[in-house]
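Trainee: I would like to work through the helices and charged pairs here. Can we start with the terms?

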Amino acid sequence: MRRYKSEYIAERLKLDDKQKAEFTPVYEQMDIEIGRLNHEMRQLERNIRKNGESVTETEYEKAAEAQFEMRAKEASIERTYFPKFKKILTPRQLYELKNAERDFNRNLMDKHRRTRGNKH
């Protein structure tokens with residue numbers, strides 16, 4: 001999936017071969033780091049759902065704080081990678097990167113919904 005995502009983004013940004021060769025490993029490494037954070041967040045959310053009514057206000061508060069911390073960490077990771085992307089991408093491509101990521105995620109969710117809809 002990670003390879004598919006970086007291919008989609010590279011195509012969307014119209015990267016040349018040199019840019020693509022430089023961009024892909026850097027982007028995939030950033031995606032791995034962000035993926036770890038998202039995995040932690042999903043685990044936290046599963047634990048809250050699993051405990052249902054027995055979740056205390058303190059546990060909800062800690063979970064909410066963790067959500068905000070995870071978003072801050074994600075932003076920090078992206079800030080760390082920004083100078084690396086800046087060396088590879090044109091200013092326009094750099095600007096379009098977030099749009100390409102959003103489009104990828106939107107397309108993925110649309111496909112998932114269509115697939116789920118066909119199973120019922």
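Mentor: First, a term: helices are DSSP runs of H or I, at least four residues long, numbered from the N terminus. Note that this is a predicted model.

Trainee: D110 and R113 lie in helix α4; by about how much of the helix are they separated?

Mentor: Their side chains meet in a salt bridge, 3.1 Å from N to O. D110 and R113 are 3 residues apart in α4, so the separation is about one helical turn.

Trainee: How far apart are the end C-alpha atoms of helix α3?

Mentor: Helix α3 covers residues 57-88, which is 32 residues. At 1.5 Å a residue, it should span 46 Å. The end C-alpha atoms agree with that, at 47 Å.

Trainee: Where in α3 does the kink lie?

Mentor: The bend is about 35°. It comes shortly before the proline P83, at F82.

Trainee: Which residue of helix α4 forms a salt bridge with E78?

Mentor: E78 sits in helix α3, and its partner is 20 residues away, so the pair links distant parts of the chain. The closest approach is 2.6 Å, N to O. The partner has 35% relative accessibility, so it counts as partly exposed. It is K98.

Trainee: Is D103 buried or exposed?

Mentor: D103 pairs with R106 in a salt bridge, with the closest N and O atoms 2.9 Å apart. R106 is partly exposed at 47%. The cut-off for burial is under 20% relative accessible area. D103 has 19%, so it is buried.

Trainee: Which residues share a salt-bridge network with D103?

Mentor: R106, its partner above, is one of them. The full network links D103 with R12, E96 and R106.

Definitions and conventions. Residues numbered from 1 in each chain as written. Predicted model: local features only at pLDDT ≥ 70, side-chain atom pairs only at ≥ 80, totals over all residues. Heavy atoms only, no water. Helix = DSSP H or I, 4+ residues; strand = E, 2+ residues; numbered from the N terminus. Expected span 1.5 Å × (residues − 1). Bend = angle between axes of the 7 residues up to and from the residue. Salt bridge = Lys/Arg side-chain N within 4 Å of Asp/Glu carboxyl O. Buried < 20%, exposed > 50% of the residue type's maximum accessible area, 1.4 Å probe, protein only.
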